[in-house]
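Welcome! Have a look at the model shown here, and then take a short walk through it.

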Amino acid sequence: MFILELSYTAPLEAVDAVLPDHVAWLDGLYEQGVFLASGRKEPRDGGVIVAVAESRARIEEITAGDPFVEAGVCTYRITEFVATKTAPALESYRETLR
């Protein structure tokens with residue numbers, strides 16, 4: 001499981017200009033089952049995405065394709081973690097330590 005933290009690197013006007021493309025990109029990854037939750041940070045200086053994928057390399061590939069990244073209006077900080085406890089709705093993502 002991964003926590004993706006977006007930090008805006010451009011004024012909000014530039015971010016908002018790319019927002020429709022970013023939302024369409026998010027929608028596609030929700031449909032694929034990669035993204036579980038996402039939203040803006042408060043104050044609005046970026047966002048957070050909870051994601052699942054087979055590898056960090058795959059997540060890096062995915063984030064590189066974000067229209068925000070392609071437009072140069074955000075950067076990502078990727079944190080991988082092992083979800084050893086989850087809410088019942090996320091039980092299928094629970095892992096055991098090796």
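The sections below go through the sheet, the helices, the core, one unusual peptide bond and the charged pairs.

## Before you start

This is a predicted model, in which local features need pLDDT of at least 70, side-chain atom pairs count only at pLDDT 80 or more, and totals for chains, interfaces and linings use all residues. Residues are numbered from 1 along each chain as its sequence is written, and side-chain values use heavy atoms, with hydrogens and water left out.

## The sheet

A good place to begin is the open sheet, where four strands are arranged in the order β2-β3-β1-β4 with antiparallel pairing. At its edges are β2 (35-40) and β4 (74-80), each of which pairs on one side only. On average, neighbouring strands of this sheet are turned by 15° against each other, direction ignored. Strands are DSSP runs of E with at least two residues, helices are DSSP runs of H or I with at least four, and both are numbered from the N terminus. Two strands pair if DSSP finds at least two bridges between them. Angles run from 0 to 180 degrees between N-to-C directions, with axes taken as lines fitted to C-alpha atoms, for helices over the stretch in contact.

Now follow the pairings. Strands β2 and β3 (residues 46-51) run antiparallel and are joined by five bridges. Phe-35 has Ala-51 in β3 as its bridge partner, while Gly-39 is partnered by Val-48 in β3. The connection from β2 to β3 is a hairpin through five residues. Six bridges hold the antiparallel pair of β1 and β3; here the partner of Leu-6 is Gly-47 in β3.

## Two helices on the sheet

Helix α1 (residues 12-31) lies across β1 (2-8), β2, β3 and β4, and runs at about 165° to β2. Helix α2 (residues 56-64) also packs on the sheet, where it touches β1, β2, β3 and β4, and its direction makes about 165° with that of β4. Contact here means heavy atoms within 4.5 Å.

## The nonpolar core

Which residues have the most contacts inside the largest nonpolar core? They are Leu-4, Trp-25, Phe-35, Ile-49, Ala-51 and Phe-68, in a core of 20 residues. At least two core residues come from each of β1, α1, β3, α2 and β4, and α1 gives the largest share, with five residues. A nonpolar core is a set of buried Ala, Val, Leu, Ile, Met, Phe, Trp, Tyr and Cys residues joined through side-chain atoms within 4.5 Å. Buried means under 20% relative accessible area, exposed over 50%, and partly exposed in between (1.4 Å probe, protein chains only). In soluble globular proteins, nonpolar side chains tend to be buried together.

Trp-25 is worth a closer look: leaving aside neighbours within four places in sequence, its contacts include Phe-35, Ile-49, Ile-62, Thr-63 and Tyr-76. Thr-63 belongs to helix α2 and is buried, at 7% relative accessible area. Not counting residues up to four places away in sequence, Thr-63 touches Leu-4, Trp-25, Val-69, Tyr-76 and Ile-78.

## A cis peptide bond

Most residues other than glycine have a negative phi, and most peptide bonds are trans. The bond from Glu-42 to Pro-43 is cis, with omega near 5°. Pro-43 sits in the loop between β2 and β3.

## Charged pairs

How many salt bridges does a search of the whole structure find? The search finds six, a salt bridge being a side-chain nitrogen of Lys or Arg within 4 Å of a carboxyl oxygen of Asp or Glu. One of them joins Lys-41 to Glu-5 (3.0 Å, N to O). This pair links distant parts of the chain, with Lys-41 in the loop between β2 and β3 and Glu-5 in strand β1, 36 residues apart. Lys-41 counts as buried at 17% relative accessibility, whereas Glu-5 counts as partly exposed at 25%.

Glu-5 also meets Arg-77 in a salt bridge (3.7 Å, N to O). Arg-77 lies in strand β4, 72 residues from Glu-5 in strand β1, and counts as exposed at 55% relative accessibility. Glu-5, Lys-41, Asp-45 and Arg-77 are linked in a network of salt bridges. Elsewhere, Glu-60 pairs with Arg-56, their closest N and O atoms being 3.1 Å apart in a salt bridge. Both lie in helix α2, four residues apart, about one turn of the helix.
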